[in-house]
Protein chains: 2
Amino acid sequence: MSAQRGRVVAISGGIGGAKLVLGLSRIMRPEDLVVIVNTADDFEHLGLAISPDLDTVMYTLAGLDDPQRGWGRRDESWNFMSALAALGGESWFALGDADLATHIERTRRLRAAETLSNITADFCRRLGIATRIVPMSDDRVRTRLETDRGLLEFQDYFVRQRCAPVVLKVVYAGATGARAHPDAVAALQDSRLRAVVICPSNPLLSIEPVLSLSGIRDVLARRAAPVVAVSPIIGGRAVKGPTAKMMAELGIPVTAVAVARHYGHLLDGYVLDHADASDNIELKIPVVPTNTLMLSLEDREALARTVLAHADRVAKAVG
Amino acid sequence: MSAQRGRVVAISGGIGGAKLVLGLSRIMRPEDLVVIVNTADDFEHLGLAISPDLDTVMYTLAGLDDPQRGWGRRDESWNFMSALAALGGESWFALGDADLATHIERTRRLRAAETLSNITADFCRRLGIATRIVPMSDDRVRTRLETDRGLLEFQDYFVRQRCAPVVLKVVYAGATGARAHPDAVAALQDSRLRAVVICPSNPLLSIEPVLSLSGIRDVLARRAAPVVAVSPIIGGRAVKGPTAKMMAELGIPVTAVAVARHYGHLLDGYVLDHADASDNIELKIPVVPTNTLMLSLEDREALARTVLAHADRVAKAVG
């Protein structure tokens, strides 16, 4: 492995991942960063094709994200939702008025046989995003959860049932046959690759679906650059979402170390929070403790720098 | 024909028609009024099924209409349109944020194989509309215009090209095979029928499509109640829209009388504006001049009363 300056591939889900991606995008040349985004929690709702993680990353990089909510767009209005409820429509999944444009236009273009990746690239161009955002696949992969209330589609579990059901198993339906996006594979095979960063997203819901694609898994197994993950668990808790609850239900200890163990041989280095630094010793890969709670823009940039520096150290040690 | 109190069927397009329908709805018992609405300017846009005339009538009766614009909803916001334009989407047809709920929910239910009439009835119920609104047909009829710029879909001509092309011919594609809605036919055959009111909508774009359905035409030819039309032309001008321009292009004089002549034997009585009262003498059916410019709610109710009184007079004279 070499530590030369070069390309970075980030693998990301929604909120937490998008924060680190923003940090990376601010300390790197745009052409040096490729983000592979989970699409397994994409779904059809009200006839619209919705890609929550893609949109969160896209809105975040465009500066359109809502920093409080963590999803959707800032300065959003909700007149569509009110009117929909008055007509008896399904209102459990909140779609902002401006956000709707993304879903309606994406749906229209998908129906016209454009690929999700092309549409995403065009949206990014129009929103002034220089970083390359690549959906993990243009094929359909869907996260489903075997729970104590039966098999649930991800958004049903996540939004409608507010993660209340007990998760017994996570399934990535369609993953076996799905083709990893060629640009994602190419980015991971790039001879200039400096590091692969696994963002602090839910390992089971956001990262595993990407890794479940054989095209991604195979090329990562033969990697020439270090893979460094950032823990989504801080002091035994997830910053947001059902990560901690789900890990516990699946028998995974809710610790930063358990996440690293979950990734196993895939990791060459690990970044966790100061709060979890005492667990270091349990891992056989180089670990760096830092501040992983990204409250400010400076936090995002600082974490991005720490991650890349750690990757470079790991590369030197191994290479 | 009998002049007894009873049922009234109104045939309506959008703006002007909806105003008179509102007037009728305010002076009648809800169960006595059925509105047959043109659906030939319905279209698909951005993957959504849009029914402009149905929505205008529905919003008007629900008190949700925008009195200035004449289409869409009052207190509307436009964040969807701004966001759509930023993504490079087609923005020539303005869809308000709350209005979108109607189109998205209707589209979803149509795709689930519900009929347009059922969906409309359910929307009306939820919006508190007691008057029965019936689409002229659940089958697809589409107004197309042969113009000096080629054959155009109606909304392309009407909105995108702002009625600029010269109209050579109006075609109601699908009308021959389309089945008039059974409830519309039943309402016209009702033994309690007091009058059929042809609203002051564009005769070529809003009323003719309804009359182009054989199921409607046949039952009107055998009618037992008077048909009374209200002129959409006031002093040689249309209150709104392309009526006057299109009539002129098609060689129809832009006069109230010409509209009555256009309807021909279908009419038993006619209501026109004081401004056009001097033309009375040219028509062989009973004509009543009144104020047809419906600026206030009182105007709408007064016109509705005049129309029904005229129908009752006509019925007595003929019956």
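Which residue of β7(B) does B:Glu146 stand opposite? In this predicted model, B:Glu146 of strand β6(B) faces B:Leu151 in β7(B). The briefing below begins with the relation between the two chains and their contact surface, then turns to a sheet region of chain B, a loop of chain B, and two helices of chain A.

**Relation between the chains**

- Chain A is superposed on chain B by a rotation of 180 degrees, with 0.0 Å of shift along the axis and an RMSD of 0.0 Å.
- This is the relation of a two-fold axis.
- Within chain A, A:Asp97 has the C-alpha nearest the axis, at 2.8 Å from it.
- Both copies use the same surface, since 100% of the contact residues of chain A recur in chain B.

**The contact surface**

- Contact between the chains involves 26 residues of chain A and 26 residues of chain B.
- On the side of chain A that touches chain B, the elements giving two or more residues are α3 (79–86), α4 (97–111) and α5 (116–126) of chain A.
- Helix α4(A) provides the largest share of that side, with ten residues.
- Sorted by class, the side of chain A that touches chain B comprises twelve nonpolar, eight polar and six charged residues.

**Strand β6 of chain B and its partners**

- Strand β6(B) spans residues 142–147. Its covered face consists of B:Thr143, B:Leu145 and B:Thr147, whereas B:Arg142, B:Arg144 and B:Glu146 make up the uncovered face.
- Strand β8(B), residues 167–173, runs antiparallel to β6(B) and is joined to it by six bridges.
- In this pairing, B:Arg144 of the uncovered face stands opposite B:Val171 in β8(B).
- Strand β7(B), residues 150–153, also pairs with β6(B) in the antiparallel sense, over four bridges.
- β6(B) and β7(B) form a hairpin, with two residues between the strands.
- B:Glu146, likewise on the uncovered face of β6(B), is the residue that stands opposite B:Leu151 in β7(B).

**The loop between α6 and β8 of chain B**

- B:Arg162 is located in the loop between α6 (154–160) and β8 of chain B, and B:Cys163 lies in the loop between these two elements as well.
- B:Arg162 is not a glycine, yet has a positive phi of about 50 degrees.
- B:Cys163, also not a glycine, has a positive phi of about 65 degrees.
- B:Arg162 counts as exposed because it has 10 C-beta neighbours inside 10 Å.
- B:Cys163 counts as partly exposed because it has 17 C-beta neighbours inside 10 Å.

**Helices α8 and α11 of chain A**

- Helix α8(A) covers residues 203–211, and eight of these nine residues are buried, so the helix is largely enclosed by the rest of the structure.
- The buried residues of α8(A) are A:Pro203, A:Leu204, A:Leu205, A:Ser206, A:Ile207, A:Glu208, A:Pro209 and A:Val210. A:Glu208 is thus listed among the buried residues of this helix.
- In helix α11(A), residues 256–263, the buried residues are A:Ala256, A:Val257, A:Val259 and A:Ala260.
- Viewed down the axis of α11(A), these buried residues fall within an arc of 160 degrees, so they line one face of the helix.
- An α-helix has 3.6 residues a turn, so residues three or four places apart point the same way.
- The elements against which the buried residues of α11(A) pack are α8, β10 (227–230), β11 (233–234) and β13 (269–273) of chain A.
- A:Gly264, just after α11(A), takes a positive phi of about 60 degrees.

How values were computed:
Residues are numbered from 1 along each chain as its sequence is written. Chains are lettered from A and ligands numbered from 1 in the order in which they are written. This is a predicted model: local features need pLDDT of at least 70, side-chain atom pairs count only at pLDDT 80 or more; totals for chains, interfaces and linings use all residues. Copies are superposed by least squares on the C-alpha atoms of residues with pLDDT of at least 70 in both. Two residues are in contact if their C-beta atoms, placed from the backbone, lie within 7 Å. Ala, Val, Leu, Ile, Met, Phe, Trp, Tyr, Cys and Pro count as nonpolar, Asp, Glu, Lys and Arg as charged, and the others, Gly among them, as polar. A residue is buried if 20 or more other C-beta atoms lie within 10 Å of its own, exposed if 12 or fewer, and partly exposed in between; C-beta atoms are placed from the backbone. Two strands pair if DSSP finds at least two bridges between them. The arc is that of the directions from the helix axis to the C-beta atoms.
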